[in-house]
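This report describes the fold of one protein chain for a reader new to structural biology. Please keep the sequence and the structure in view while reading.

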Amino acid sequence: MYICLECGAVFEEPETWEEGRGEFWGFPCSETVSGCPECGGDYEDAVKCRRCEEWHSEDELTDELCEDCQDELFD
């Protein structure tokens, strides 16, 4: 699973498309890029919180727990 860094959407596969990059020796050039299927934004691997099992980016988890679950357990 992946999570969008811009809109927060969780998805199984990123969308891919061709973007033009001008010309090279008179021939049109393009590059295959990928992004979130909802907004086209950047994405990263998603990780499940081990308590609530919701998807988050890895940097949002501490000891495999999201902030909400940490607050509930340790407050």
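In which sense do strand S1 and strand S5 pair, and over how many bridges? In this predicted model, strand S1 (residues 2–4) and strand S5 (residues 43–48) are antiparallel partners, joined over three bridges. Within this pairing, Ile3 has Glu44 in S5 standing opposite.

**Overall architecture**

The chain contains one helix and six strands. Read from the N terminus, its elements follow the order β-β-β-β-β-β-α. The radius of gyration is 18 Å, well over the 11 Å that the globule rule gives for 75 residues, so the chain is more spread out than a compact globule. Along the principal axes, the C-alpha atoms fill a box of roughly 65 × 15 × 15 Å. Of the 75 residues, 24% count as buried. The accessible surface amounts to about 5,700 Å², and carbon and sulfur atoms account for 43% of this area. If one considers contacts between residues at least 6 apart in sequence, 30% of them join residues at least 24 apart.

**The strands**

Four strands make up an open sheet, with antiparallel pairing and the order S2-S1-S5-S6. Strand S2 (10–11) and strand S6 (55–57) stand at the edges; each has a single partner strand, so one side of each is left without a neighbour in the sheet.

Strands S3 and S4 form a hairpin with two residues between them. Strand S3 (residues 15–24) and strand S4 (residues 27–35) run antiparallel and are joined by eight bridges. Phe24 stands opposite Phe27 in S4, and Trp25, which lies in the turn, has a positive phi of about 55°.

**Two loop residues**

Two residues from loops may be considered side by side. Ala9 is located in the loop between S1 and S2, whereas Glu13 is located in the loop between S2 and S3. Their relative accessible areas are listed below.

| Residue | Relative accessible area | State |
|---|---|---|
| Ala9 | 16% | buried |
| Glu13 | 58% | exposed |

Why is Ala9 classed as buried? Its relative accessible area is 16%, and buried means under 20%. Glu13 is classed as exposed because its value of 58% is over 50%.

Neighbours within four places in sequence are left aside in the contacts that follow. Ala9 touches Tyr2, Ile3, Cys4, Cys36 and Glu38. The C-alpha atoms of Ala9 and Cys36 are separated by 7.5 Å, although these residues are 27 residues apart along the chain. Glu13 is in contact with Tyr2 and Pro37. Between the C-alpha atoms of Glu13 and Ile3, ten residues apart along the chain, the separation is 10.0 Å.

**The core and the helix**

In soluble globular proteins, nonpolar side chains tend to be buried together. Which residues form the largest nonpolar core here? This core has five residues, namely Cys49, Leu61, Leu65, Cys66 and Cys69. Beyond residues up to four places away in sequence, Cys66 touches Cys49, Cys52, His56, Glu60 and Leu61.

Gln70 belongs to helix H1 (residues 67–74). A polar atom of the Gln70 side chain lies 3.1 Å from the backbone oxygen of Leu65. With neighbours within four places in sequence set aside, Gln70 is in contact with Thr62, Leu65 and Asp75. Leu65 is thus named twice: as a member of the largest nonpolar core and as a contact of Gln70.

Key: Residues are numbered from 1 along each chain as its sequence is written. This is a predicted model: local features need pLDDT of at least 70, side-chain atom pairs count only at pLDDT 80 or more; totals for chains, interfaces and linings use all residues. Side-chain values use heavy atoms; hydrogens and water are left out. A nonpolar core is a set of buried Ala, Val, Leu, Ile, Met, Phe, Trp, Tyr and Cys residues joined through side-chain atoms within 4.5 Å. Buried means under 20% relative accessible area, exposed over 50%, partly exposed in between (1.4 Å probe, protein chains only). Contact means heavy atoms within 4.5 Å. A polar contact is a pair of N or O atoms within 3.5 Å; within protein, one must be able to donate a hydrogen and the other to accept it, and residues adjacent in sequence count only if both atoms are side-chain atoms. Two strands pair if DSSP finds at least two bridges between them. The radius of gyration is taken over C-alpha atoms; the globule rule is 2.2 Å times the number of residues to the power 0.38. Accessible areas come from the Shrake-Rupley method with a 1.4 Å probe; for residues, only the protein chains shown count as cover.
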